[in-house]
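Me: Please take a close look at one part of this model. I want the packing around a single core side chain, then how that part sits in the rest of the chain.

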Amino acid sequence: MTYSDPSASQSLEDPSLVQETQIQPSHAPGVAAEAAARSLRQPYLQIENIHKRFGNFVALKDIFLNVYPGEFVCLLGPSGCGKTTLLRIIAGLEQQSQGRIIQGGQDVSHLPPSKRDFGIVFQSYALFPNLTAHQNIAYGLQNKKLPKAEIQTRVGELLDLVGLGGMGQKYPAQMSGGQQQRVALARALALSPGLLLLDEPLSALDAQVRVKLRAEIANLQRRLGVTTVMVTHDQAEALAMADRIVVMDKGYIAQIGTPHSVYQGPGSPFVANFIGVMNFLDGMVEAKDTVRCGNLVLNTPSNTVPVGQRVSIAIRPEDIRVMDGAATPAPNVAEAEVLGTEFLGSGYRLELSVSGNARQPMTLEISSNRARAMAIETLDSLAIQLPPEMIRVFPKEAT
């Protein structure tokens, strides 16, 4: 174990459901072919029926998850959802109340952290302030009693790997936050662990450094092929870095999938609202593929809710289309009034009031070029379309 702390589903009750969500990393070529091949492989990390209770409080329940060799999995969710507790159980820093952790075919459920094969990086860097970057990285290697020459070579390679070549003699106080986190990452990788655990490693950094470092970490993980589990509450991080995202809420797994599948096909209003921005309209199922929202009747081919049931329909702001005056007639077109505009740089976010749907507010995103060409201003009227194929329908009681 390489330990970077110097001080030391919707409930998926059927495990077979989890197996169906195992999808090949999205950044790899030939995703479909690789997914088929991967289904024949054994998972490197198996999390089986994990429960965790603190007194009467249930922190985790019915957690099943398989992580495959070389995969980058993000545990994503709001504060208090259980993601950090799950990571700590994987590391052995917390003991589960029920269930098993299997790593590399070995049951490690009750092994101490020192007997588990992992490296871990925390958001606080957790570097020894009185040691140089070189000495921090060498710490675990020295504990293993490796030859001095081998340690020197290995540390030099790791410094180069994380982009800190020539900076080994600097102390943490002489380095930026991003540089310190690179040192922490190098230390976690020093003993070539089978599993890399990242506990919100970027949350203490400023926005620009965070974006740069997340790309570096993802690229480094792909180059090394180390199986990685990262905890984050930042949806942009998860979408940018992960092969698969595990969305957690209130101690259970709400959804597992690739970034694209979770974003485009959320399985619940919680997932839809937590990942990205989502518009919700209240309505009633009028026919198998029709939902009425006030006076607005929408074609909803994805609907599976019975007729007569109250529902929330969901559509992302970037999926709403602004119609041209001469456009061919299309389904789900409505008039909307612009209540306000927000400039986002590459685009505008428009706050709309849509007529015919009890004037429920909606948000639309449009490119800056299109907005300028149309000279959109507050109180303007627009014809918009809610494309049927982009609408999700959820039972109202699920919200």
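Reply: Leu 185 touches Val 121, Val 162, Leu 196, Leu 198, Ile 217 and Leu 220, leaving aside residues up to four places away in sequence. This is a predicted model, and these contacts are computed from it. Leu 185 belongs to the largest nonpolar core, a set of 46 residues. Within that core, Leu 185 is one of the five residues that touch the most other members. The others are Ile 137, Leu 198, Ile 217 and Ile 275. Two of these, Leu 198 and Ile 217, are also among the contacts of Leu 185. As a general rule, nonpolar side chains tend to be buried together in soluble globular proteins.

Helix α6, residues 177–189, gives this core its largest share, 6 residues. Of the 13 residues of α6, 12 are buried, so the helix is largely enclosed by the rest of the structure. The buried stretch is not purely nonpolar. Gln 179, Gln 180, Gln 181, Arg 182 and Arg 187 are on the buried list, along with Leu 185 and others such as Gly 178, Val 183 and Leu 189. The length of α6 also checks out. At 1.5 Å a residue, its 13 residues should span 18 Å, and the end C-alpha atoms lie 19 Å apart, which agrees.

A second core lies apart from the one around Leu 185. This other core has 30 residues, among them Ile 50, Leu 65, Ile 101 and Leu 195.

Helix α3, residues 83–91, is also mostly covered, with 7 of its 9 residues buried. Those are Lys 83, Thr 85, Leu 86, Leu 87, Ile 89, Ile 90 and Ala 91. Gly 92 follows α3 and has a positive phi, near 85°.

Two cysteines are worth a glance. Cys 81 is buried, at 1% relative accessible area. Cys 293 is buried too, at 0%. A search of the whole structure finds 0 disulfides.

Now the sheet. Five strands form an open sheet in the order β16-β20-β17-β18-β19, with antiparallel pairing. Strands β16 (321–322) and β19 (361–367) stand at the edges with a single partner strand each, so one side of each has no neighbour in the sheet. In general, strands of a sheet pair through backbone hydrogen bonds.

In the sheet order, β17 sits between β20 and β18. Strand β17, residues 333–343, pairs with β20, residues 381–385, over 5 bridges. In that pairing, Glu 335 stands opposite Ala 383. Toward β18, residues 347–354, β17 makes 7 bridges, again antiparallel. There, Thr 341 stands opposite Leu 350. β17 and β18 form a hairpin with 3 residues between them. Gly 345, in the turn, has a positive phi of about 100°.

Last, the whole chain. It has 11 helices and 21 strands. Of its 399 residues, 50% count as buried. The protein chain exposes about 17,900 Å², and carbon and sulfur atoms supply 51% of that area. Set against this background, α6 has 12 of its 13 residues buried, and Leu 185 is one of those 12.

How values were computed: Residues are numbered from 1 along each chain as its sequence is written. This is a predicted model: local features need pLDDT of at least 70, side-chain atom pairs count only at pLDDT 80 or more; totals for chains, interfaces and linings use all residues. Side-chain values use heavy atoms; hydrogens and water are left out. Two strands pair if DSSP finds at least two bridges between them. Helices (H or I, at least four residues) and strands (E, at least two) are DSSP runs, numbered from the N terminus. Buried means under 20% relative accessible area, exposed over 50%, partly exposed in between (1.4 Å probe, protein chains only). A nonpolar core is a set of buried Ala, Val, Leu, Ile, Met, Phe, Trp, Tyr and Cys residues joined through side-chain atoms within 4.5 Å. Contact means heavy atoms within 4.5 Å. Accessible areas come from the Shrake-Rupley method with a 1.4 Å probe; for residues, only the protein chains shown count as cover. A disulfide is a pair of cysteine sulfur atoms within 2.5 Å. The expected span of a helix is 1.5 Å times one less than its number of residues.
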